[in-house]
Amino acid sequence: MLLQSTGEVEDEAKREEASSEEKKQYLELEYTKIRGEIDLNEWLASNSEYQRGISQLCNNILLFSRIYYWYDEKGKKTKCTAPQYVDFVMSLCQKLVTDEEIFPTKYGKEFPNSFESLVKKICRYLFHVLAHLYWAHFKETVALDLQGHLNTLYAHFIVFIREFNLVDPKETCIMDDLSEILCSPAPQPAPTPSNHVTER
């Protein structure tokens with residue numbers, strides 16, 4: 001057992017008290033809500049960067065050969081492995097997000113009428129990739145010490161898609177147990193009686 005000076009004990013107690021009172025920012029719903037007079041499409045566009053974070057996680061985790069089906073833009077069904085599916089998802093997301101006609105970056109340029117349905121499509125595919133990472137590669141994620149990143153990304157993504165109804169809950173219900181744990185506010189600890197010591 002290490003002995004600490006009184007000052008160190010007080011500092012540690014203050015840090016513990018501050019961290020127990022501190023809210024977990026990634027669980028705050030305010031981070032997904034529209035602020036002020038921002039246009040809904042502008043907000044959806046600015047929060048569609050999940051693809052980058054998910055893609056980076058995938059690049060760090062070995063994806064084994066599970067079989068999936070990919071439907072291309074013409075509706076053609078293709079049987080593919082998990083790495084191929086993830087590549088299809090990331091390629092499609094990158095293509096859509098960088099298309100100036102879909103995600104305009106110039107002031108005054110209008111979003112297409114199909115914008116919200118395209119954002120829903122992107123979110124649906126990204127949810128599939130996240131679910132795959134949890135179901136098939138969580139051990140690898142932990143081994144690479146990336147679970148904190150994955151959990152934070154997942155929690156923010158789920159809160160965002162719920163806020164704007166971007167993915168059908170029937171589709172995400174497979175991960176409801178995890179969503180409940182990661183997206184529910186942490187219970188507040190009961191107050192403990194403090195030891196009141198007065199100085200002489």
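1. Helix 4 (residues 82–97) has the span expected of its length. In this predicted model, its 16 residues should span 22 Å at 1.5 Å a residue, and the end C-alpha atoms are indeed 22 Å apart. The buried residues of helix 4 are Ala82, Tyr85, Val86, Val89, Met90, Leu92, Cys93, Leu96 and Val97. They cover an arc of only 160° around the axis and therefore lie on the same side of helix 4.

2. Helix 6 (residues 147–163) gives a similar agreement between span and length: its 17 residues reach 24 Å from the first C-alpha to the last, close to the 24 Å expected at 1.5 Å a residue. Buried in helix 6 are Leu150, Leu153, Tyr154, Ala155, Phe157, Ile158, Val159, Phe160 and Ile161.

3. Two backbone positions around helix 6 merit attention. Most residues other than glycine have a negative phi. Aspartate 145, which is not a glycine, has a positive phi of about 60°. Aspartate 145 is located in the loop between helix 5 and helix 6 and is exposed, its relative accessible area being 57%. Asparagine 165 follows helix 6 and has a positive phi near 50°; this residue belongs to the loop between helix 6 and helix 7 (169–172).

4. As to the overall architecture, the chain contains eight helices and two strands. From the N terminus on, the order of the elements is α-α-α-β-β-α-α-α-α-α. Of the 200 residues in the chain, 34% are buried.

5. The structure holds four salt bridges. One of them joins the side chains of glutamate 73 and lysine 95, at 2.9 Å from N to O. This pair links distant parts of the chain, with glutamate 73 in the loop between strand 1 and strand 2 (77–81) and lysine 95 in helix 4, 22 residues apart. Glutamate 73 is exposed, with a relative accessible area of 56%, whereas lysine 95 is partly exposed at 47%.

6. Another salt bridge pairs lysine 109 with glutamate 101, whose closest N and O atoms are 3.4 Å apart. Lysine 109 is partly exposed, with a relative accessible area of 34%, while glutamate 101 is exposed at 51%. The latter value should be read against the cut-off, since exposed means over 50% relative accessible area.

7. Within helix 5, the side chains of glutamate 116 and lysine 120 form a salt bridge of 3.8 Å, N to O. About one helical turn separates the two residues, because they are four residues apart in helix 5. Glutamate 116 is partly exposed at 31% relative accessibility, and lysine 120 is likewise partly exposed at 31%.

8. The UniProt annotation "binding site", from an unreviewed entry, covers His132 and His137. Histidine 132 is placed in helix 5 (residues 115–143), and histidine 137 also belongs to helix 5. In the model, histidine 132 is buried, with a relative accessible area of 5%; histidine 137 is buried as well, at 1%.

9. On the surface, Ile67, Tyr69 and Tyr71 make a nonpolar patch of about 320 Å². Isoleucine 67 is part of strand 1 (residues 67–71). With a relative accessible area of 49%, isoleucine 67 is classed as partly exposed, because the exposed class requires over 50%.

Notes
Residues are numbered from 1 along each chain as its sequence is written. This is a predicted model: local features need pLDDT of at least 70, side-chain atom pairs count only at pLDDT 80 or more; totals for chains, interfaces and linings use all residues. Side-chain values use heavy atoms; hydrogens and water are left out. Patches are made of residues with over 30% relative accessible area and no salt bridge: like charges are joined within 9 Å, nonpolar side chains (Val, Leu, Ile, Met, Phe, Trp, Tyr) within 5 Å. Accessible areas come from the Shrake-Rupley method with a 1.4 Å probe; for residues, only the protein chains shown count as cover. Buried means under 20% relative accessible area, exposed over 50%, partly exposed in between (1.4 Å probe, protein chains only). UniProt positions are given in the numbering used here, feature names are shortened, and annotations may be inferred rather than shown by experiment. The expected span of a helix is 1.5 Å times one less than its number of residues. The arc is that of the directions from the helix axis to the C-beta atoms.
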